[in-house]
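Trainee: I am new to this structure and would like a close look at a single part of it. Could you begin with one residue and work outward from there, step by step?

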Amino acid sequence: MKIAYVSYEVAPFAKVGGLADIAGALPKYLKKIGEDVFVIMPLHKRIKKNYDTKIFEKVVEEYYPITHNFKEPFNVLKSNLPNSDVPIYFIESEVFNTEEVYEDSKLALGSTYFSDAVLTFIREVKNDVEVININDWQTSLIPVYMRHNYISDPTLSKISTVLTIHNLGYQGIFGKDVLDLANLPGYLYNTDALEFFGDINFLKGAILYSDIINTVSKTYAEEIQSPEMGEKLDGVLRIRSDNLYGILNGIDYSENDPKNDDRIFNHIHNYKDKVKNKLKLQEYLNLEKKRDRPVISLISRLYDQKGLDLIFDIMDYVMMLDVNFVVLGTGDKKYEKYFEEIEEKYPGRASANLKFDVDLAQKIYAGSDIFLMPSKYEPCGLGQMFSMRYGTVPVVRYTGGLSDTVVEFDEKTEKGNGFGFFEYESCKLLKAVLKATYYYKMKPEKWEILFNNCMGQNFSMESTASQYRDLYKMALTKKRGAQY
């Protein structure tokens, strides 16, 4: 199959969240299993800062989006995803010359312009594409354009579309005048199309008009069809439930191999190597160096979704357990301020690293004993997969992909790879942390079994890629518009 994989962010070129990790890895694994795939993304300003784009091949110069009302020309540059022969095409335009990948004042223009530019490029240059895999709301107008502006186009009308929802909490909601900007028909402002409580909802459009919809875990695909988790789109998702699937994300095991990863202090082959990383991490972060003191870590965007209010409630109790606490991430200022205060309150025992640092993240995954992920909701989650890959035991709230990847440890059977809780309550999180630290301190032989169970998990991208291939084949069988 000829597949166009379209994403607003792709690692390592521009990364804001987990979407970029998947967009930078999945196409490589699709290529490995024989699919003809390429990636398309905007040429964000930060890419120009971090990469020598002069060495990229220019394949298109001064094209204009076919239907978009903003008639700014664009170029297309070509490179490859690192360590692969998967082509990646960058849409270059002044539209994307913003300091942030998601700059609020330019998001409506950027996402609509990008969607139409992608279709222009495919129609004029890549006209043998069979499937377009779009990702999240920033690319969600692509099937809307195809359904309405390009319904009779001999090239684009034949292409099947797959929408991947990485996080339903972000939908792309704008005033109805965005239809004029995008040059989409005014009749789409109705409840059976893009209208959403008086506004326009891009993601809703993609849910309605894509041939196949998937999200990033089976449990999350079920959860989002409920009023509690559906973010006001549960009714639309139930309408499309026959075409809604869940495929668990994977991680790139070639890029994240504890036996060969030079970003960590010591390669990890066994539990002794794990302990070496832990002692080096304590020293690196100016924490008191104690082998028998568990290191609890949090690597996360610092937003409400991540269950940080629960952590706040129990932090003083947790620190009474004689542990180290390490946080890495950025986000809401109230959370950043809180973790700074924790570091000040517990000198030598807590470390607040309020930044984005991939290398430090790897060191923390490798050097921690316990990894916290008490999310309110979690479509898939990659942190727990990274932590287990490096032998760190996750403590999670059982929701979404966390339910699909973390299994409560059973001392009798010695099966399981972590600890967790269901009700979103701080006392439940505290109980799970107490349980984890109990096994670490009081039953070291069981903890080493837990370490081995984590290291033995397989969340590699091979299985994910194979399931996506099946999804694309399914999309090819769909007749556009048949559901209407």
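Mentor: Setting aside the neighbours within four places in sequence, Ile132 is in contact with Ala4, Val6, Leu119, Ile122, Ile142, Met146, Ile159, Ser160, Thr161 and Val162. The model in which these contacts are found is a predicted one. Ile132 itself is found in strand E6, and its relative accessible area is 0%, so Ile132 counts as buried, a term that applies under 20%. A long stretch of chain can also be set against a distance here, for Ile132 and Asn266 are 134 residues apart along the chain, and their C-alpha atoms are separated by 41 Å.

Two of the contacts of Ile132, namely Ile142 and Met146, also appear among the buried residues of helix H4, and that helix deserves a careful look of its own. Helix H4 covers residues 141-148, and because 7 of its 8 residues are buried, H4 is largely enclosed by the rest of the structure. The buried residues in question are Leu141, Ile142, Pro143, Val144, Tyr145, Met146 and His148. As for what encloses them, the buried residues of H4 pack against strand E1 (2-6), strand E6 (131-135) and strand E7 (160-165), and also against helix H3 (107-124), helix H5 (178-182) and helix H6 (202-209).

From this neighbourhood we can step out to the nonpolar core. The largest nonpolar core has 164 residues, and of these Ile132 and Trp447 touch the most other members. The largest share of this core comes from H3, which gives 10 residues. At least three residues of the core are drawn from each of domain 1 (2-250 + 463-482) and domain 2 (271-458).

Trp447, the residue named together with Ile132 in that core, has its own set of partners: apart from neighbours within four places in sequence, Trp447 is in contact with Tyr271, Asp369, Ile370, Val393, Phe419, Ala436, Tyr439 and Tyr440.

The two domains can now be placed with respect to each other. In the domain assignment, domain 1 is made of 2-250 + 463-482, while domain 2 is 271-458. Their centres, taken over C-alpha atoms, are separated by 33 Å, and the contact takes 20 residues from domain 1 and 14 residues from domain 2.

Within helix H9 (residues 271-284) lies Gln282, and since its relative accessibility is 0%, Gln282 counts as buried. Its contacts, not counting residues up to four places away in sequence, are Leu287, Glu288, Lys289, Lys290, Arg293, Val295 and Asn324. Gln282 and Ser368, although 86 residues apart in sequence, are 9.2 Å apart in space when taken from C-alpha to C-alpha.

Ile239, in helix H8 (residues 234-239), offers a contrast with the buried Ile132, because Ile239 has 65% relative accessibility and counts as exposed. Ile239 and Ile207 are 32 residues apart in sequence, and the distance from C-alpha to C-alpha is 9.6 Å.

The model also holds a cavity to consider. By the rule used, the count comes to 1 cavity of 30 Å³ or more, and the space in the largest cavity is about 50 Å³. The lining of this cavity is formed by Tyr8, His44, Val95, Phe96, Thr98, Val101, Glu103, Lys106, Leu107 and Gly110, which by class gives 5 nonpolar, 3 polar and 2 charged residues.

Finally, some details of the backbone are worth reading slowly. Most residues other than glycine have a negative phi, and most peptide bonds are trans. The peptide bond from Ala11 to Pro12, however, is cis, with omega near 5 degrees, and Pro12 lies in the loop between E1 and helix H1 (18-32). Glu62, placed in strand E3 (residues 57-63), has a positive phi of about 55 degrees although Glu62 is not a glycine, and this residue is exposed, with a relative accessible area of 54%. Asn183, in the loop between H5 and strand E9 (195-196), is another residue other than glycine with a positive phi, in this case near 60 degrees; at 33% relative accessibility, Asn183 counts as partly exposed.

Note on methods. Residues numbered from 1 in each chain as written. Predicted model: local features only at pLDDT ≥ 70, side-chain atom pairs only at ≥ 80, totals over all residues. Heavy atoms only, no water. Buried < 20%, exposed > 50% of the residue type's maximum accessible area, 1.4 Å probe, protein only. Helix = DSSP H or I, 4+ residues; strand = E, 2+ residues; numbered from the N terminus. Contact = heavy atoms within 4.5 Å. 1 Å grid on protein atoms, 1.4 Å probe; cavity = no way out; pocket = protein on both sides within 12 Å on 5 of 7 lines; lining within 4 Å. Points joined across faces, edges and corners; volume = space filled by probe spheres on them. Nonpolar A, V, L, I, M, F, W, Y, C, P; charged D, E, K, R; others polar. Core = buried A, V, L, I, M, F, W, Y, C linked by side-chain atoms within 4.5 Å. Domains from an automatic or database assignment.
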